[in-house]
Amino acid sequence: MTPAAILDIDGTLVDTNYQHAIAWYRAFRAHGVVLPLWRIHRHIGMGGDQLVAALAGEDFDSERGDDVRDEEKKRYMDLIEEVEPLDGARDLLVRLGSRGHSIVLASSAKQDEVDHYLDLLDARDLAKGWTTSADVEQTKPEPDLVAAAVEKAGGDSAVMLGDSTWDCKAAGRAGVPTIGVLTGGFSELELREAGAVCVFENLADLMARLDETPLG
């Protein structure tokens, strides 16, 4: 059976990771917490419901977490028009569809962000479905998002494509193998240690060697 292709959006199909890092930096700073950007970047790909506590502690999250998340949303939306698709993103969707894979785009972003990315990728007719924050109780690294995407794909075998360690960990907890790409700024070693079965430099590299992957 041809496995479904569960594709992370942020950092994998669209080049958003560094905009998100800047938005989180500004959001934390607006609420009195200054964090080094490299630390924030290492947590990009983790859902906002998990990220604030991971970076600033449970007490701060309880007291100010929702305010910081709201601020990050506002700051990120100021930057979203700068976001572009990663090279080869739509070509990959077309290629996977032509090979018979059901495609589900996996995101825990709000609906308006996901709609923006779907339009940016011109992907509405290429994907069987997509997820948003409304589909999950807990975000990555918990498995809820991957499990919801697999269900939308039909509930059978699936393979995840992602750019962050959090993608790999969430997929692993859902029993789904992950293909990693370096487009989000995480290293090959980090992705492999988090569970990626193979790692490619970018989407063009992946497409050229697709038969070497679990999607082959």
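In β4, the residue that bridges to Ala 5 is Val 159, and I would like to start from that contact, in what is a predicted model, and work outwards along the strand to which Ala 5 belongs.

That strand is β1, residues 4–8, and β1 pairs with β4, residues 158–162, in the parallel sense over 4 bridges. β1 also runs parallel to β2, residues 103–106, and 4 bridges join these two strands, with Leu 105 in β2 serving as the bridge partner of Leu 7.

How many of the residues of β1 are buried? The count is 5 of the 5, so β1 is largely enclosed by the rest of the structure. If you look at the directions of the side chains, Ala 4, Ile 6 and Asp 8 point one way from the strand, whereas Ala 5 and Leu 7 point the other way, and all of them are buried.

Asp 8 deserves a second mention, since together with Lys 140 and Asp 167 it is linked in a network of salt bridges. That brings me to the charged pairs, of which a search of the whole structure finds 19 salt bridges, and I will go through a few of them.

Two of these pairs sit in helix α4. Arg 64 forms a salt bridge with Asp 67, with the closest N and O atoms 3.8 Å apart, and both residues lie in α4, residues 58–77, at a separation of 3 residues, or about one turn of the helix. Arg 64 is partly exposed, at a relative accessible area of 32%, and Asp 67 is likewise partly exposed, at 38%.

Further along, the side chains of Glu 71 and Arg 75 meet in a salt bridge at 2.7 Å, N to O, and these residues, both in helix α4, are 4 residues apart, again about one turn. Here Glu 71 counts as buried, because its relative accessibility is 13% and the cut-off for buried is under 20%, while Arg 75 is partly exposed at 26%.

The last pair I want to show is Lys 152 with Asp 135, whose closest N and O atoms are 3.8 Å apart. Lys 152 lies in helix α7, residues 144–153, and Asp 135 in the loop between β3 and α7, so this pair ties together parts that are 17 residues apart in sequence. Lys 152 is partly exposed, with a relative accessible area of 35%, and Asp 135 is partly exposed as well, at 34%.

Conventions:
Residues are numbered from 1 along each chain as its sequence is written. This is a predicted model: local features need pLDDT of at least 70, side-chain atom pairs count only at pLDDT 80 or more; totals for chains, interfaces and linings use all residues. Side-chain values use heavy atoms; hydrogens and water are left out. Buried means under 20% relative accessible area, exposed over 50%, partly exposed in between (1.4 Å probe, protein chains only). Two strands pair if DSSP finds at least two bridges between them. A salt bridge is a side-chain nitrogen of Lys or Arg within 4 Å of a carboxyl oxygen of Asp or Glu.
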